[in-house]
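Take a walk through this chain, from the overall picture down to single residues. Keep the viewer open as you read.

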Amino acid sequence: HLDVLNAINADGQRGEDLMPFFLGLCRRWGGGTPAYAETYAKRIAALGNQRRAMRKIEELLERAKQAKTTTERLLLLEESRRIEVPNDDDAKVETKNEQLTRLYTQISEGKGREPAIRCSMATLAQSLSGGWRAGRLYVWAGPPSFGKTSFAIGEMLEACYQGKRAAFVSLEMPSEQLNSRVLSYISRVPMVNMGAPTQQEIIALRDAASVASELDYTVLDMPGRKIGNIVEALSREHEQRPLGFVVIDYLQRIVPTDPKAPQHQEIGRHSKSIANLARLLKVPVILLSQCNRTYGSRGGRRFQMTDLAGSGEIEADADLVGFIWRPGKDAQGFPPDYAEYDIKKFREGPQDYKQIRFDGATYRFVDADDDNPVSESGELSRRY
């Protein structure tokens, strides 16, 4: 025992090589039952693998510190995260029946896939097959002032409620204005009342500020920045403490790397960089995008991929492309809180559109009382 353990402390590989020798000694001298010897040998193997994995991770982290470029550092960090460090449970070999039982249990409990971050709306969680998943790029688009930023704030705060660290990259809205929306969202005090709140609203805002201070989110105010600056800032945040959720608001505000290049080419380059970043950091990224103002000139009201401003490679890079529609903004006969989301592309599920509600006072999207969206032709449902 002592020889094997000392060998592992010095060199995991040598300890692993001694296992057959140790197993033979136990069987020849009767120092233990075959089952005991086999179990001990497997634990020695797991310990040896654990030591080697930890040394490999330390080596990659040291190389990452000395990396000359951000890309090289990210790749080394990603490689180190992929290394699995075995534990004592890995010494037990899972049989076929045990594996089938485990898989069935995971699927029946809704854990068959990797864990997802719960959405703020049950309707949306159902459309997304459970919620936001790591490494995916979710593009949400809509015309100006349709509530894209409010939608993203709600999902970011929901991720924070679940213990995730979030980063909100704001290229349009100042951080102070965004934090005001956060206070309104949490306290449910209308934005218009913040100038002269009542005593009850002051108490609600105080409690909301206390809650927001404990939520782990960071607002990166980055107007007029290039994609390289955004990638570097998010990478630096991730290195300090791993991120669990990212929002970028919004795609068309990113300054072109090459001003002489066509707009669609630059936007495609930006979307590809953000998609790669989501996979490197292994976090869900919500990327907001504008729509062309000509979308309303068509006969039908449904969005199309061509409505994405500067559409090119966006739909190819995104795991999901969804649109936010609030007909009360530009059509008569709709209630002011009527809203829908329209998923046009989803790699892990079908296309879908659902009715939701928008509270314009506190900038919140919530589930509708019942799902009764308007028809494809844009006709109003009967209850309206």
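What follows starts with the whole chain, then moves to strands, buried sites, surface and charges.

This is a predicted model. The chain has 12 helices and 9 strands. Its mean pLDDT is 78. Of its residues, 75% reach 70 or more. One stretch calls for caution: over residues 380-384 the pLDDT stays under 50. For that stretch, the model has 13 contacts beyond four places in sequence.

Now the bulk numbers. The chain has 384 residues, and buried ones make up 44% of them. The accessible surface comes to about 20000 Å². Carbon and sulfur atoms own 50% of that surface. Next, take the contacts with a separation of 6 or more: residues 24 or more positions apart account for 65% of them.

Go to the last three strands. Strand 7 covers residues 338-346 and strand 8 covers residues 352-359. The two run antiparallel, joined by 6 bridges. Look at Y341: its bridge partner in strand 8 is K354. A hairpin of 5 residues takes the chain from strand 7 to strand 8. Strand 8 then pairs with strand 9, residues 364-367. This pairing is also antiparallel, and it has 4 bridges. Here F358 stands opposite F365 of strand 9. Between strand 8 and strand 9 lies a second hairpin, with 4 residues in between. In its turn, Y363 has a positive phi of about 55°.

Stay with the loop between strand 7 and strand 8. P350 lies there. Is P350 buried or exposed? It counts as exposed, because its relative accessibility is 58% and the cut-off is over 50%. Yet P350 has a partner from far along the sequence. Its C-alpha atom is 9.1 Å from that of L128, and the two residues are 222 apart along the chain.

S127 gives another link to this region. It sits in helix 6, residues 122-127. With a relative accessible area of 7%, S127 is buried, because that falls under 20%. Which residues does S127 touch, leaving aside its neighbours within four places in sequence? They are Y341, I343, F346, D352 and K354. Two of these names have come up before: Y341 and K354 are the bridge partners described above.

A second buried site is L171. This residue lies in the loop between strand 2 (166-170) and helix 8 (175-187). Its relative accessible area is 3%, so L171 is buried. Beyond four places in sequence, L171 is in contact with M222, P223, R225, I230, I248, D249, Y250, R253 and I254. G224 is also worth a look: its C-alpha atom is 6.8 Å from that of L171, at 53 residues along the chain.

Turn to the surface. L100, L103 and I107 make a nonpolar patch of about 290 Å². L103 belongs to helix 5, residues 96-108. Its relative accessible area is 34%, so L103 is partly exposed.

Charges come last. Side chains of opposite charge can pair when their charged atoms come close. The structure holds 16 salt bridges. In one of them, the side chains of R73 and E239 meet at 2.3 Å, N to O. This pair links distant parts of the chain, with R73 in helix 4 (residues 70-82) and E239 in helix 10 (residues 227-240), 166 residues apart. E239 is partly exposed, at 35% relative accessibility.

Two more pairs sit at other distances. D207 forms a salt bridge with R206, with 3.5 Å between the closest N and O atoms. How is each of the two placed? D207 is partly exposed at 39% relative accessibility, whereas R206 is exposed at 55%. The other pair takes the reader back to strand 7: K344 forms a salt bridge with D342, and the closest N and O atoms are 3.9 Å apart. D342 counts as buried, because its relative accessibility is 5%. Finally, there is a network. Salt bridges with shared partners join R165, D216, E237 and R241.

Key. Residues numbered from 1 in each chain as written. Predicted model: local features only at pLDDT ≥ 70, side-chain atom pairs only at ≥ 80, totals over all residues. Heavy atoms only, no water. Pairing = 2+ DSSP bridges. pLDDT = per-residue confidence, 0-100. Contact = heavy atoms within 4.5 Å. Patch = residues over 30% accessible without salt bridge, like charges linked within 9 Å, V, L, I, M, F, W, Y side chains within 5 Å. Areas by Shrake-Rupley, 256 points an atom, 1.4 Å probe, with all protein chains shown as cover. Salt bridge = Lys/Arg side-chain N within 4 Å of Asp/Glu carboxyl O. Buried < 20%, exposed > 50% of the residue type's maximum accessible area, 1.4 Å probe, protein only.
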